[in-house]
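Here are some notes to read alongside the model, written as numbered points. Please keep the sequence and the 3D view open while going through them.

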Amino acid sequence: MKRSLFGRLWPNVTAVVLFIGFVFPVYWMFATAFKPTGDIISETPVWFPTDVTFEHFRTATDVDHFWTYVTNSLTVTVLAVLFSLIIALAGSFALARMRFKGRRGFIVGFMLAQMAPWEVMIIAMYMIVRDTSMLNSLVPLTLFYMMMILPFTILTLRGFVAAVPKELEESAMVDGCTRAQAFRRVILPLLAPGLMSTSLFGFITAWNEFALVLVLNKDAEAQTLPLWLSRFQTQFGDDWGATMAASSLFAVPILILFVFLQRKAVSGLTAGAVKG
């Protein structure tokens with residue numbers, strides 16, 4: 001009986017401990033952003049904000065070029081995700097439905113591209129952008145971000161396309177649809193979980209990317225939020241409230257996106273891992 005009780009108890013206790021370990025830093029970041037400066041520097045930790053203040057957020061948003069950074073981040077991230085989805089839809093359909101020579105090697109190549117760290121290619125990327133006179137531009141950032149998330153997007157969507165019975169597509173073609181129309185009307189609606197999960201992954205990857213913009217864009221007008229956030233503490237010294245407010249603002253778009261897509265995203269990640 002005791003062993004049985006322990007067997008049921010320890011997974012739950014472990015899950016709670018891990019949950020607290022992951023969630024507490026996020027809570028502390030948001031809580032610190034709303035605390036008065038006196039509570040932040042107090043020797044006795046203030047676990048729950050009593051006097052809520054928005055002064056730190058005003059300090060964060062008053063930084064030069066802040067809204068330019070926001071616009072740049074949203075632009076390159078949304079465009080990179082959108083372009084990768086468009087290309088991945090065609091690529092995943094080809095890998096799942098068509099048989100051609102070198103198909104397995106092609107899939108292995110995508111997996112290797114996903115595992116390779118992009119940092120090792122930063123010098124080559126810089127030389128390409130420099131030689132094409134595109135430094136301090138959002139165009140190469142968008143293209144490179146798209147390349148970073150494309151392998152994962154194709155491999156994940158391939159599993160969803162392979163899970164759709166061919167008979168549905170063939171029935172649509174018998175009824176008069178072309179292959180493109182059958183894909184758009186039959187397969188595409190069934191790919192919603194995969195599209196959600198890959199979109200979320202791609203958004204997080206592009207939104208958080210730091211190294212490329214640090215190397216390619218020196219002009220403040222062409223930089224994004226990760227670079228602005230990295231320099232925040234240096235600019236404001238020991239203003240931890242403003243730093244935490246800036247970090248909170250940086251995390252809010254991803255949290256909002258995850259709240260709206262969590263069900264589809266979780267089902268999409270698990271399904272894409274076992275199908276195809």
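**Notes on the predicted model**

1. S133 is a convenient place to begin, and this residue counts as exposed because its relative accessible area is 69%, above the 50% that marks the exposed class. The model is a predicted one, and in it S133 sits in the loop that joins α6 (122–131) to α7. The phi angle of S133 is near 55°, which is a positive value in a residue other than glycine.

2. The loop between α6 and α7 also holds N136, and the phi angle of N136 is near 60°, again a positive value in a residue other than glycine. With a relative accessibility of 35%, N136 is classed as partly exposed, because that class covers the range between under 20% for buried and over 50% for exposed.

3. For the overall picture, how many helices and how many strands does the protein have? There are 14 helices and zero strands, and the pattern read along the sequence is accordingly written α-α-α-α-α-α-α-α-α-α-α-α-α-α. The protein has 276 residues, of which 39% count as buried. Among the contacts in the protein with a separation of 6 or more, 73% are accounted for by residues 24 or more positions apart.

4. One helix pair deserves a closer reading, and a general remark helps here. Two packed helices are described by the angle between their axes and by the distance between those axes. Helix α5 (residues 103–115) packs with helix α7 (residues 138–163) at an angle of about 130°, and their axes are 8 Å apart. The two helices α5 and α7 are therefore oblique to each other, and their crossing is left-handed.

5. Which residues of α5 and α7 meet where the two helices pack? From α5 the residues are R103, I107, F110, M111, A113 and Q114, and they meet M148, P151, F152, I154, L155 and R158 in α7. Sorted by class, this contact of α5 with α7 has nine nonpolar residues, one polar residue and two charged residues.

6. R158, a residue of helix α7, takes part in that contact with α5 and can be looked at separately. Is R158 buried or exposed? At a relative accessibility of 16%, R158 counts as buried, because the cut-off for that class is under 20%. The C-alpha atom of R158 is separated by 9.8 Å from the C-alpha atom of L191, and these two residues are 33 residues apart along the chain.

7. The aromatic residues make a further topic, and the count comes to 13 aromatic pairs. In the pair of F66 and W67, the ring centres are 4.8 Å apart and the planes stand at 75°, so this pair is edge-to-face. The partners fall into opposite classes of accessibility, since F66 counts as buried at 5% relative accessibility, whereas W67 is exposed with a relative accessible area of 57%.

8. For F203 and W207, the ring centres lie 5.6 Å apart and the planes are at 15°, so the pair is stacked. Both F203 and W207 belong to helix α10 (residues 192–208), where they are four residues apart, about one turn of the helix. F203 counts as buried at 11% relative accessibility, and W207 counts as buried at 2%. Elsewhere, F24, Y27, W28, W47 and F48 form one aromatic cluster.

9. Where does K35 lie? K35 is in the loop between α1 (2–34) and α2 (37–40), and at 2% relative accessibility this residue counts as buried. Leaving aside residues up to four places away in sequence, K35 touches W28, I40, V46, P49, T53 and H56. The C-alpha atoms of K35 and A245 are separated by 10.0 Å, although the two residues are 210 residues apart along the chain.

10. T32 is placed in helix α1 and is buried, with a relative accessible area of 6%. Apart from residues up to four places away in sequence, T32 touches I40, H56, W240, G241 and M244. I40 and H56 are thus found among the residues touched by T32 and also among the residues touched by K35.

How values were computed
Residues are numbered from 1 along each chain as its sequence is written. This is a predicted model: local features need pLDDT of at least 70, side-chain atom pairs count only at pLDDT 80 or more; totals for chains, interfaces and linings use all residues. Side-chain values use heavy atoms; hydrogens and water are left out. Buried means under 20% relative accessible area, exposed over 50%, partly exposed in between (1.4 Å probe, protein chains only). Contact means heavy atoms within 4.5 Å. Axes are lines fitted to C-alpha atoms, for helices over the stretch in contact, and angles run from 0 to 180 degrees between N-to-C directions. Angles under 35 degrees count as roughly parallel, over 145 as roughly antiparallel, 65 to 115 as roughly perpendicular and the rest as oblique. A crossing is left-handed if the near helix is turned anticlockwise from the far one by less than a right angle, and right-handed if clockwise. Ala, Val, Leu, Ile, Met, Phe, Trp, Tyr, Cys and Pro count as nonpolar, Asp, Glu, Lys and Arg as charged, and the others, Gly among them, as polar. Rings of Phe, Tyr and Trp (its six-membered ring) pair if their centres lie within 6.5 Å; planes under 30 degrees apart count as stacked, over 60 as edge-to-face and the rest as tilted.
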